[in-house]
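The following exercises concern a protein structure shown together with its sequence. Please work through each task before reading the solution.

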Amino acid sequence: MLLTDSTIIITRSNIQILQIDNALATAEISLFGGHILSFKPKHDNRERLWLSSKAILNGKKAIRGGIPICWPWFGDHKDSQYSAHGYVRDQQWEIISSQDTPKGTLVSIKPSSSQGEGFAGNTQLVLDVLVGDTLSIQLKTKNIGSEAFKFNCALHSYFTVSDINQCQLSGLSGKYLDKTQGFDSFDTPTPYFFTEETDRVHLDKAPKVDILDGTQITTVNSRGHDSMIIWNPWQDKSIAMADMADDSYLTMLCVETAITQGEIVKAGDTHTLEQIIS
Ligand code: TA6
């Protein structure tokens, strides 16, 4: 079934958005990009995701905020002719099915095509989203070819915070690669506060990361990952980005569940990257 009692499709600017409203939560998923825009559990009615007030919803440019799907590479491609973060976050997706269950509304979507320039794998890509007390996102990469392939990916989640200067992360340890310092390696700080542009690939398969924001805690559970990326562009980069208000870095933080070190998928196998937000 494409739509259930809890789901409708609306059009906003140029894009189709799946709106979910069940007994446990509300959510919005843009079919452009397969891009979750909003998740608000009804037990506290607190929006978990951050969406830029200047996000460009034209059905061409990847949306700033929510949960961009970075696939089948993360960050820059070694061939600069290909855009960062892969080619599915700026293409049209379609609904495979949706189902209301006691645990929430389960929606399965896929991109129009998971083949694309810059990646040779023969794949089937599906995103399963369960909207309930928590938001469970599973990005499933199936190798339907006859040769193994290596890929990277990320659930590039933007979280809303009251003030980045008062925020603290817990749950990360070990080394991280700092993109702002030529990807040099550093030790994860404890306590983990934010005072400047932060763009870090933590080589820590942390199963749980908490965003401590005053009295509020947003928890990010992850599986199937080899790293966690933490990103806040800070003021200069926010000013430089057309789809971010100048001071919007103050109320957002990216905590991303990712494969950045290369995952090999053998013929017939499926890799699942999962993030659960509560
Ligand atoms: O995940 C962090 C990052 O790779 C940053 O380096 C920054 O480029 C961010 O992603 C946003 O990338 P985008 O292509 O969406 O502007």
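The exercises below treat a predicted model and deal in turn with the ligand, the pocket, the cavity and the backbone.

**Exercise 1. The surroundings of the ligand**

Task: Identify the residues that surround the ligand and sort them by class.

Solution.
Step 1. List the shell. The ligand is surrounded by Arg64, Phe74, His85, Arg89, His156, Lys179, Asp199, Ile229, Trp231 and Glu256.
Step 2. Sort the shell by class. Five of these residues are charged, three are nonpolar and two are polar.

**Exercise 2. Polar contacts and burial of the ligand**

Task: Find how far polar side-chain atoms of Arg89, Asp199 and Glu256 lie from oxygen atoms of the ligand, and then state how much of the ligand the protein buries.

Solution.
Step 1. Recall the cut-off: a polar contact is a pair of N or O atoms within 3.5 Å.
Step 2. Take the residues in turn. For Asp199, an N or O atom of the side chain is 2.6 Å from an oxygen atom of the ligand. For Arg89, the distance from a polar side-chain atom to a ligand oxygen is 2.8 Å. For Glu256, the corresponding distance is 2.9 Å.
Step 3. Turn to the surface. The ligand on its own exposes 390 Å², and 81% of that area is buried by the protein.

**Exercise 3. The largest pocket**

Task: Locate the ligand with respect to the pockets, and describe the volume and lining of the largest pocket.

Solution.
Step 1. Place the ligand: the largest pocket is where the ligand sits.
Step 2. Give the volume, which is about 850 Å³.
Step 3. Examine the lining. It comprises 33 residues, and the closest to the centre of the pocket are Phe74, Gly75, Asp76, His85 and Lys179.
Step 4. Relate the lining to the strands. The elements that contribute two or more residues are β10 (149-155), β15 (198-202), β18 (227-232) and β19 (252-265).
Step 5. Classify the lining: 14 residues are nonpolar, ten are charged and nine are polar.

**Exercise 4. The cavity**

Task: State how many cavities of 30 Å³ or more the model contains, and describe the lining of the largest cavity.

Solution.
Step 1. Count. There is one cavity of 30 Å³ or more, and the volume of the largest cavity is about 40 Å³.
Step 2. Name the lining residues of the largest cavity: Arg46, Thr160, Val161, Ile211, Asp213, Gln216, Ile217 and Thr218.
Step 3. Assign elements. Both β16 (208-213) and β17 (216-223) give two or more residues to this lining, and β17 gives the most, with three residues.
Step 4. Classify. The lining has three nonpolar, three polar and two charged residues.

**Exercise 5. Exceptions in the backbone**

Task: Locate the cis peptide bonds before Pro72 and Pro191, and the positive phi of Ser13.

Solution.
Step 1. Recall the usual case: most peptide bonds are trans, and most residues other than glycine have a negative phi.
Step 2. Consider the prolines. The bond from Trp71 to Pro72 is cis, with omega near 5°; Pro72 belongs to the loop between β5 (69-70) and β6 (93-101). The bond joining Thr190 and Pro191 is also cis, with omega about -5°, and Pro191 is found in the loop between β14 (184-187) and β15.
Step 3. Consider Ser13. Its phi is positive, near 50°, and Ser13 lies in the loop between β1 (7-12) and β2 (15-21).

Definitions and conventions:
Residues numbered from 1 in each chain as written. Predicted model: local features only at pLDDT ≥ 70, side-chain atom pairs only at ≥ 80, totals over all residues. Heavy atoms only, no water. 1 Å grid on protein atoms, 1.4 Å probe; cavity = no way out; pocket = protein on both sides within 12 Å on 5 of 7 lines; lining within 4 Å. Points joined across faces, edges and corners; volume = space filled by probe spheres on them. Helix = DSSP H or I, 4+ residues; strand = E, 2+ residues; numbered from the N terminus. Nonpolar A, V, L, I, M, F, W, Y, C, P; charged D, E, K, R; others polar. Near = heavy atom within 4 Å. Polar contact = N/O pair within 3.5 Å; in protein donor to acceptor, adjacent residues only side chain to side chain. Areas by Shrake-Rupley, 256 points an atom, 1.4 Å probe, with all protein chains shown as cover. Sits in = over half its atoms within 2 Å of the grid points.
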